[in-house]
Amino acid sequence: MTRLRTLALSAALAGTTALAGAFAGASAARAAEVKIALVAKSLGNGFFEAADKGAEEAAKQIGDVKIVYTGPTTTTAEGQIEVVNSLISQKVDAIAISANDKDALVPVLKRAMARGIKVVSWDSAVSSEGRMAHLNPSSNALIGNMLDKLAADALPDGKGKIAILSATATSTNQNTWIAEMKKGLPKYPGLDLVATVYGDDLSDKSYRETQGLLQTHPDVKVIVAPTSVGIVAAAQAVKDAGKVGQVFVTGLGLPSEMAGAVHSGATKSFAIWNPIDLGYSATYLAYDLVKGEKAAPGAELSLGRMGKVKLDDGDEGAMADPFVYDSSNVDKFAKVF
Amino acid sequence: MSAASPPRAPDGVDLRAFLARREMLLVVALAALLAVVATRFPSFVTPRSLGGVFNDTSILIVMALGQAAVILTRSVDLSVAANVALTGMTVALIDAHHPGVPLALLVATALGLGLLLGAVNGALVWLLGIPPIVVTLGTLTIYRGLAFVLSGGAWINSFQFTPAFLSVPRAEVIGVPVLSWTAVAAVALAVVVFGRTGVGRSWYAVGGNPTAAVYAGIDAGRARFLAFCFSGLLSGLCGYLWVARYAVAYVDVASGFELDVIAACVIGGVSIAGGIGSVGGAVLGALFLGTIKNALPVVNVSPFAQMAISGAIIIAAVALNTRAERRRGRIILRPGASRPAPAAVAE
């Protein structure tokens with residue numbers, strides 16, 4: 001039933017795009033414009049709208065690139081499959097997708113690649129057989145290092161005791177980042193990590209654990225929370241304890257959720273990936289491939305103003321350090337995501 | 001508080017009888033707990049720190065009182081935390097989008113909406129005769145789902161609230177935050193309702209012996225309905241308090257908190273089988289759980305052990321409860337009375 005519908009739909013699409021193609025073919029031959037499709041998980045999501053802004057920026061910079069920003073209305077793999085089908089018939093040159101499902105999109109993306117379309121995934125990956133390269137917003141090592149740097153930046157001379165407020169004790173992401181953070185600590189000799197506590201990504205438990213930290217380690221100067229629930233709760237607990245200015249909260253959080261903490265002074269700066277840079281870099285990566293660069297382990301590809309990305313054994317690359325937000329830019333980004 | 005207690009043990013200075021009373025046992029346990037914590041972290045027992053613990057536990061106390069009413073009637077309300085999430089989200093959205101709405105109106109909205117949600121539970125239990133655990137398991141999902149529908153999954157963050165919304169529960173009156181005073185007021189209300197009103201006494205009657213309650217002219221369904229309303233009302237209030245305290249509203253607010261609330265009641269000696277329990281017990285149960293929650297982080301217990309400790313205490317409390325009930329039940333209900341009881345409830 002659904003299969004029939006999809007068939008009918010793609011037939012209809014093919015029909016209309018054949019017409020469109022007749023026109024497009026003429027203009028493409030004239031300008032040799034590179035059409036890069038940026039596929040979002042869903043439309044109307046601030047994060048992806050911001051990524052589109054970055055993609056447009058990259059297109060403008062490169063010159064002969066046209067961005068087709070599209071995506072399904074809900075975050076479903078089915079919706080993205082239909083979108084990709086229509087992009088194939090539109091004969092785009094490259095597809096850069098943030099996938100709703102790692103595996104479900106593989107067949108349709110394989111079909112796209114068979115037609116000569118370059119496929120990269122970004123933000124949320126597709127399995128390796130369904131894309132040529134994947135762009136991660138950052139890497140675990142970069143995130144760990146950034147957390148160290150944020151803690152050091154919050155201290156007047158980079159010296160003092162710090163503590164970590166994590167999610168659950170078994171959470172893979174946070175544990176990896178904390179391990180990377182500890183690995184990077186020798187680079188910041190002033191930092192003294194005294195405790196790691198777990199708020200379970202519940203605001204009340206995170207708040208209570210922060211209160212506990214303030215009591216058991218009154219000399220802790222920075223609380224690093226690499227979780228968006230924890231960082232908000234910790235900032236509120238520090239504010240309520242009247243310790244703004246003595247204890248700083250930092251870590252990974254979203255600008256819209258952290259704007260209040262930055263205004264109150266409980267947080268000086270925090271980090272998260274920048275969706276604008278991510279859209280920009282994904283566009284550049286797709287463009288590199290269209291221009292004949294090969295995506296292979298060890299290859300170094302240009303990301304324009306973001307520098308270069310080096311692909312690992314799984315053809316995956318990390319864009320950059322997480323982006324730092326402070327009082328100078330948090331309000332601007334709070335409107336975005 | 002004695003008015004709210006179940007039939008008094010005969011007066012006398014028998015130490016065993018004294019300790020057998022749950023409130024006394026809890027006070028002793030609480031004191032012992034504080035003493036143990038104090039050996040590892042002395043400043044935990046300073047008045048200021050204990051005030052902080054009480055303030056942190058206020059929401060749990062208020063919700064435990066509502067839950068105690070429901071449990072007294074042989075029911076259980078699993079939807080209380082979802083009620084907090086939905087009412088909290090509602091008042092947060094109103095405050096964020098219409099900053100001109102006075103706080104008093106917002107609190108009234110929270111109370112009203114909470115009462116409505118409780119009444120829905122109560123009505124389903126009363127009129128359709130669906131078991132309370134099933135009803136509230138359903139409404140738990142519905143209420144949280146509605147919070148998602150209302151917010152579209154977005155967070156309401158601290159800077160979107162009006163200053164008054166966030167500051168009132170924190171404001172200090174005679175050195176104690178309004179949040180703590182709210183808990184005190186709720187306890188006072190509960191003492192009156194449980195002990196001095198017909199409704200409160202009917203909860204004990206319906207839970208203790210439904211058959212006898214019906215013969216005494218008590219409408220068991222109505223009593224249960226009102227218990228759910230009481231629980232909903234208090235949960236609604238906590239919806240506002242929770243959001244204001246943590247300065248953030250999102251769909252997963254208070255996720256899993258209903259289990260803490262039920263645990264507080266159970267630790268406080270409110271019998272899951274109904275009919276037994278007191279305001280003092282529920283408050284002490286909440287305080288005991290709250291103290292543990294606050295003490296574990298400062299005594300530096302591993303997060304895995306924390307869960308095990310909380311669980312062990314709940315099991316111990318239930319074991320005590322069943323012992324208390326067995327003595328009571330075997331003697332009074334045995335001769336034929338316990339058999340027809342379920343049939344009478346079903347009517």
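Visitor: How many Å separate the centres of domain 1 and domain 2 of chain A?
Guide: 36 Å, taken over C-alpha atoms. Keep in mind that this is a predicted model.

Visitor: Which residues belong to each domain of chain A?
Guide: The domain assignment gives 2-136 + 275-320 to domain 1. Domain 2 of chain A covers 140-272.

Visitor: OK, helix α4 of chain A next. Which of its residues are buried?
Guide: That helix spans residues 106-114. Its buried residues are V108(A), L109(A) and A112(A).

Visitor: Why do they line one face of the helix?
Guide: Look down the axis of α4(A). The buried residues fall within an arc of 95°, so they line one face. In general, an α-helix has 3.6 residues a turn, so residues three or four places apart point the same way.

Visitor: And what do the buried residues of α4(A) pack against?
Guide: Three elements of chain A: α3 (77-89), β3 (94-97) and β4 (118-122).

Visitor: What comes just after α4(A)?
Guide: G116(A) does, and it takes a positive phi of about 90°.

Visitor: Switching topic. How many residues does each chain bring to the contact?
Guide: Chain B brings 22 residues and chain A brings 23.

Visitor: Which helices of chain B supply at least two residues each to that side?
Guide: α3 (47-72), α13 (279-298) and α14 (303-333) of chain B.

Visitor: Which one gives the most?
Guide: α13(B), with four residues on the side that touches chain A.

Visitor: What classes of residue are on that side of chain B?
Guide: There are 11 nonpolar, eight polar and three charged residues.

Conventions
Residues numbered from 1 in each chain as written. Chains lettered and ligands numbered in written order. Predicted model: local features only at pLDDT ≥ 70, side-chain atom pairs only at ≥ 80, totals over all residues. Buried ≥ 20, exposed ≤ 12 C-beta atoms within 10 Å, placed from the backbone. Arc of directions from axis to C-beta. Contact = placed C-beta atoms within 7 Å. Nonpolar A, V, L, I, M, F, W, Y, C, P; charged D, E, K, R; others polar. Domains from an automatic or database assignment.
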